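Work through the exercises below with the model open. Each task is followed by a solution in steps.

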Amino acid sequence: MKHFTSIHDVADLKQLLKEAFEIKKNPYALEHLGKHKTACLLFFNSSLRTRLSTQKAAMNLGMNCIVFDINEEGWKIETEYGVIMDGDKAEHIKEAAGVIGRYADVIGIRSFASLKDKQKDYSEHVISQFIQYAGVPIFSMEAATGHPLQSFADVITIEEYKKKERPKVVLTWAPHPKALPQAVPNSFIEWTVAADYEVVVTHPKGYELDAKFMKGAKLEYNQQKAFEGADFIYAKNWSSYTEYGQILSKDRAWTVDSAKMALTNDAKFMHCLPVRRNMIVTDEVIDSPNSIVVQEAENRVYSAQTVIKKLLGQ
Ligand code: AN0
Ligand code: CP
């Protein structure tokens, strides 16, 4: 694996899952692998899980790990070409990426979608420049259009909890006060389709995702109908893709509650976190024994560790 930005960097998902379960069983077996190697985790946005789980993953592999909150601690980065840099941006991404590549053996990048410029976001304007200029393996810690370490952890979790070979997995939109990226739903669909689950997506009209991420999934606008017989409910808010970055609805009729969960096949409740209680999901559902959000977050360590191991050439 050269870089890791989506499911398309994975040659064999079954094999990758097998490796993740081996790592989970014995997380320190490869602690020699990272000796004298450095991971740099570069954050353009906030994080709790990604920051801690990926650092832990690197440490489990015996690596040194530098976590860099570039907006707080670094120079402001220019990402455009040919600009006269007489504003507030002191450093160009071209030099920044090249330099960090001299200090690190692998680089993780978190750079959310701007939600302002669809074309730029969907061309992965920031992470692709790191790939171009850093000269070392790059992995996504949520970039503009995907969050593959999250989706990998989600599939690990579904594999652990599924009771049938091909569970029905429902991705439901839920309300949120702020405009959020489509990254989590985009990659969740790609990974669960690749895992060969029955994937159903439900959202209000106007929240259609980029068709290229919907391949293999069924769209059902009626949320209650979608929930019928589901084995897993995965809630997430996203802003509109078609009316790019807009909030079209904050309708709390879409909040996941016990009445809707009662329509399912005793489904497990999942969310990538952070989650807004009583917007996305009621207290009752997230506090119920069917909620596996914390177990899901734990698996972020093993998805990251498996990916970093691959990027180190193992
Ligand atoms: C981010 C998002 O929706 O992409 C990160 C989720 C892992 N969520 C928020 O900003 C609340
Ligand atoms: N799920 C996830 O990526 O969480 P953070 O934004 O806290 O890293």
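**Exercise 1.** Find the side chains that make polar contacts with ligand 2, and state how much of ligand 2 the protein buries.

Solution. Start with Arg300: an N or O atom in its side chain is 3.0 Å from an oxygen atom of ligand 2. The model is predicted, and such side-chain atom pairs count only at pLDDT 80 or more. Next take Arg110, where a side-chain N or O atom is 2.7 Å from an oxygen atom of ligand 2. Then turn to Gln150, whose side chain places an N or O atom 2.9 Å from a nitrogen atom of ligand 2. For the burial, ligand 2 taken alone exposes 250 Å², and the protein buries 94% of that.

**Exercise 2.** List the residues around ligand 2, sort them by class, and assign the shell to domains.

Solution. Use the 4 Å cut-off on heavy atoms. The residues around ligand 2 are then Ser47, Leu48, Arg49, Thr50, Arg110, His147, Gln150, Cys272, Leu273 and Arg300. Sorting the shell gives 3 nonpolar, 4 polar and 3 charged residues. For the domains, the shell draws at least three residues from each of domain 1 (7-146 + 300-311) and domain 2 (148-297). Finally, locate the site: ligand 2 sits in the second largest pocket.

**Exercise 3.** Describe the surroundings of ligand 1 in terms of shell, polar contacts, burial and pocket.

Solution. First collect the shell: Phe112, Glu142, His147, Leu180, Pro181, Lys236, Cys272 and Leu273 surround ligand 1. By class, this shell has 5 nonpolar, 1 polar and 2 charged residues. Next examine the polar contacts. A side-chain N or O atom of Glu142 is 2.6 Å from an oxygen atom of ligand 1, and a polar side-chain atom of Lys236 lies 2.7 Å from an oxygen atom of ligand 1. Ligand 1 taken alone exposes 330 Å², of which the protein buries 84%. Last, place ligand 1 in the second largest pocket.

**Exercise 4.** How many cavities of 30 Å³ or more does the structure hold, and which residues line the largest cavity?

Solution. The structure holds 1 cavity of 30 Å³ or more. The volume of the largest cavity is about 30 Å³. Its lining consists of His176, Lys178, Ala179, Leu180, Tyr207, Asn237, Trp238, Ser239, Gln246, Ile247 and Ser249. Sorted by class, the lining of the largest cavity has 5 nonpolar, 5 polar and 1 charged residues. To link this with Exercise 3, look for Leu180, which is one of the lining residues of the largest cavity and is also among the residues around ligand 1.

Definitions and conventions: Residues are numbered from 1 along each chain as its sequence is written. Chains are lettered from A and ligands numbered from 1 in the order in which they are written. This is a predicted model: local features need pLDDT of at least 70, side-chain atom pairs count only at pLDDT 80 or more; totals for chains, interfaces and linings use all residues. Side-chain values use heavy atoms; hydrogens and water are left out. A polar contact is a pair of N or O atoms within 3.5 Å; within protein, one must be able to donate a hydrogen and the other to accept it, and residues adjacent in sequence count only if both atoms are side-chain atoms. Accessible areas come from the Shrake-Rupley method with a 1.4 Å probe; for residues, only the protein chains shown count as cover. On a 1 Å grid over the protein atoms alone, a cavity is a set of points where a 1.4 Å probe fits but cannot get out, and a pocket is an open set with protein on both sides within 12 Å along at least five of seven lines; lining residues have an atom within 4 Å of a point. A molecule sits in a cavity or pocket if more than half of its atoms lie within 2 Å of its grid points. Ala, Val, Leu, Ile, Met, Phe, Trp, Tyr, Cys and Pro count as nonpolar, Asp, Glu, Lys and Arg as charged, and the others, Gly among them, as polar. Domain bounds come from an automatic or database domain assignment. Grid points are joined across faces, edges and corners, and a volume is the space filled by probe spheres set on the points.
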